[in-house]
Amino acid sequence: MSTVLGIDIGGSGVKGAPVDLGTGEFAAERLRIETPAESTPKNVAKVVGQIVDHFADQLGDGPVGITVPAPVVHGMIPFMANLDKKWKKLEAEKFFSDELGRAVTIVNDADAAGVAEVQFGAAKGAEGVVIMTTLGTGIGTAVINDGVLLPNTELGHIEVDGKDAEKRAAASAREREGLSYDEWVPRLQRYYETLEMLLWPDLFVVGGGVSKKADKFLPQLKLRAPIIPAKLQNQAGIIGAAWLASEHASK
């Protein structure tokens with residue numbers, strides 16, 4: 001299938017677009033709808049249904065890929081921090097498949113972004129282990145080895161110098177403490193060199209809004225593996241979700 005719908009569920013908005021999997025580009029303009037204030041699975045599914053209906057002519061009966069800001073274990077969400085508590089232990093793939101009447105793949109949002117960068121973005125063609133990190137409110141991570149995703153890594157929470165890494169190295173920590181980029185770099189250095197000693201990646205890809213200013217900090221990091229900015233920015237989750245839905249549908 002050449003065009004698959006990807007949908008990115010976030011705390012403030014639900015965004016979706018059909019993705020041309022030949023190019024990794026949107027096949028139509030993205031649609032964004034506010035996340036319901038009461039963000040229960042039922043209420044969010046109604047919004048997701050609106051997005052599916054909006055693009056129905058381009059989808060046929062094809063699958064849908066959906067990202068969530070939570071781990072996804074065999075289609076089930078063990079806990080949820082940013083949406084209603086009713087998401088906890090939800091069999092999300094079955095729930096959304098039943099609600100939408102079509103095959104659905106649910107994936108963690110950072111994992112989807114990492115897959116997109118490997119398939120179509122900054123890490124396209126990279127061999128071996130790629131680690132994608134998103135520097136934002138926290139640190140999201142994705143690990144892909146030769147194109148195969150290791151799902152649900154939470155490497156933003158590794159302990160570095162006795163502290164949870166994201167509390168010191170996330171972009172929010174830099175902003176909260178009023179650090180310059182030069183002052184932030186030693187924290188990033190400790191984080192990435194610790195990851196490197198644990199996993200020995202072939203490439204780091206850095207996403208998140210701050211990656212638009214990657215020239216202010218990435219060149220200062222001294223690592224064995226190359227470290228480069230992400231390319232797809234806020235489109236990555238939608239693209240990765242669509243790609244994974246297509247892969248799962250073909251198995």
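R187 is buried in this predicted model, with a relative accessibility of 14%, which is under the 20% limit for that class. Its side chain forms a salt bridge with E177, the closest N and O atoms being 2.7 Å apart. R187 belongs to helix 7 (residues 181–199), whereas E177 sits in the loop between helix 6 (171–176) and helix 7, so the pair ties together parts that are ten residues apart in sequence. E177 counts as partly exposed, at 40% relative accessibility.

**Salt bridges**

The whole structure holds six salt bridges. Three pairs are set out below with the distance between N and O.

| Pair | N to O distance | Exposure |
|---|---|---|
| R187 and E177 | 2.7 Å | R187 buried (14%), E177 partly exposed (40%) |
| R32 and E34 | 2.7 Å | R32 partly exposed (37%), E34 exposed (51%) |
| D98 and K94 | 2.8 Å | D98 exposed, K94 exposed |

In the pair formed by R32 and E34, R32 has a relative accessibility of 37% and is therefore partly exposed. E34 has a relative accessible area of 51% and counts as exposed, because the limit for that class is over 50%. A network of salt bridges also links D161, R190 and E193.

**Helix 3**

The salt bridge between D98 and K94 lies within one element: both residues are in helix 3, four residues apart, or about one turn of the helix. Both are exposed, and they are carried on the face of helix 3 that is turned away from its buried side.

Which residues of helix 3 are buried? In this helix, which spans residues 92–100, they are A92, F95, F96 and L100. These residues cover an arc of only 115° around the axis, which means that they lie on the same side of helix 3. Helix 3 thus has a buried side and, turned away from it, a face with the exposed residues K94 and D98.

What covers the buried residues of helix 3? The cover includes one helix, helix 1 (41–54), together with several strands. Among these strands are strand 1 (3–9) and strand 5 (64–68). Strand 6 (76–77), strand 7 (90–91) and strand 8 (104–108) also belong to the cover.

Just after helix 3, the backbone at G101 takes a positive phi of about 70°.

How values were computed. Residues are numbered from 1 along each chain as its sequence is written. This is a predicted model: local features need pLDDT of at least 70, side-chain atom pairs count only at pLDDT 80 or more; totals for chains, interfaces and linings use all residues. Side-chain values use heavy atoms; hydrogens and water are left out. Buried means under 20% relative accessible area, exposed over 50%, partly exposed in between (1.4 Å probe, protein chains only). Helices (H or I, at least four residues) and strands (E, at least two) are DSSP runs, numbered from the N terminus. The arc is that of the directions from the helix axis to the C-beta atoms. Contact means heavy atoms within 4.5 Å. A salt bridge is a side-chain nitrogen of Lys or Arg within 4 Å of a carboxyl oxygen of Asp or Glu.
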